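Work through these exercises with the structure open. Try each task before you read its solution.

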Amino acid sequence: MAKLNIAPTKSNLLMVKEQLRTAQDGYELLEQKREILVMELMHMVEQVKLLERDIDKAIERAYPALKNMLLAVGGDRAEQMSSVVSYDYKFTEKQITLGGMQFSSMDVQLPKRELFYSFLDSYADTDKVMVEFFELLRLLTEMASIRTIVWRLAGEVKKTQRRVNALDKMVVPQTRETKVYIESVLEERERENVFVLKTLKAKQNRS
């Protein structure tokens with residue numbers, strides 16, 4: 001590792017020592033931050049896995065229910081009923097705090113289920129489809145929100161890891177080597193000064 005290109009002086013030695021302390025403190029803080037973010041990321045990934053399981057189960061219920069409804073009422077009637085179904089969804093931005101950091105995500109507020117067609121003209125299979133697909137929609141919107149946070153959290157972990165590596169592999173070793181170099185030069189100069197002083201004193205004593 002190449003040392004920093006600065007003059008080996010006492011003032012520069014003090015400056016390099018301060019830089020080294022700052023770099024080491026920064027490394028420790030970033031490493032702690034990285035560990036916290038990784039733990040949060042692992043926790044979020046577990047939530048994603050649980051949601052994926054719930055979504056799979058919801059799909060296993062919803063699509064057979066849709067198939068049964070089509071068999072019961074027919075494709076034309078199902079299309080007529082679906083054409084009158086209309087919902088408005090409210091999208092809002094929300095802030096999530098993880099590891100001391102804020103991440104933006106989207107929150108989807110699902111509307112209350114309504115009966116858009118005549119109760120007399122509906123079937124139990126139709127109501128079941130509405131129930132099952134509403135639940136599937138709720139899980140999918142929750143998954144979308146969590147995945148957004150996971151992607152951003154993973155990006156923050158990657159960025160923090162790069163900073164940790166830069167301090168650990170470059171900044172700290174380079175600064176430490178510069179400190180050792182300056183100390184060795186100053187010590188050599190000190191020995192030379194002592195030698196010169198002793199030589200001058202010896203000459204004075206002989207004269």
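**Exercise 1.** Leaving aside its neighbours within four places in sequence, which residues is Val150 in contact with?

*Solution.* Keep in mind that this is a predicted model. Start at Val150 and skip the neighbours within four places in sequence. The contacts left are Leu41, Met44 and Val48.

**Exercise 2.** Place Val150 in the largest nonpolar core, and find which helices supply this core.

*Solution.* The largest nonpolar core has 18 residues. Val150 is among those that touch the most other members, along with Met44, Leu98, Ile146 and Leu153. Next, look at the helices. Helix 1 (10–73) supplies at least two residues of this core, and so does helix 3 (124–206). Then search for a second core. It is separate and has six residues, including Ala23, Leu30, Val164 and Leu167.

**Exercise 3.** Describe how strand 1 and strand 2 are joined.

*Solution.* Find strand 1 at residues 90–98 and strand 2 at residues 101–109. The two strands run antiparallel, and nine bridges join them. Check one position: Gln95 stands opposite Ser104 in strand 2. Now go to the turn. Two residues lie between the strands, which form a hairpin. Gly99 in this turn has a positive phi of about 60°.

**Exercise 4.** Is Leu197 buried or exposed?

*Solution.* First, locate Leu197 in helix 3. Its relative accessible area is 57%. Exposed means over 50%. Leu197 is therefore exposed, at 57%. Last, look around it. Leu197 makes a nonpolar surface patch of about 420 Å² together with Phe195, Val196 and Leu200.

How values were computed. Residues numbered from 1 in each chain as written. Predicted model: local features only at pLDDT ≥ 70, side-chain atom pairs only at ≥ 80, totals over all residues. Heavy atoms only, no water. Core = buried A, V, L, I, M, F, W, Y, C linked by side-chain atoms within 4.5 Å. Buried < 20%, exposed > 50% of the residue type's maximum accessible area, 1.4 Å probe, protein only. Helix = DSSP H or I, 4+ residues; strand = E, 2+ residues; numbered from the N terminus. Contact = heavy atoms within 4.5 Å. Pairing = 2+ DSSP bridges. Patch = residues over 30% accessible without salt bridge, like charges linked within 9 Å, V, L, I, M, F, W, Y side chains within 5 Å. Areas by Shrake-Rupley, 256 points an atom, 1.4 Å probe, with all protein chains shown as cover. Salt bridge = Lys/Arg side-chain N within 4 Å of Asp/Glu carboxyl O.
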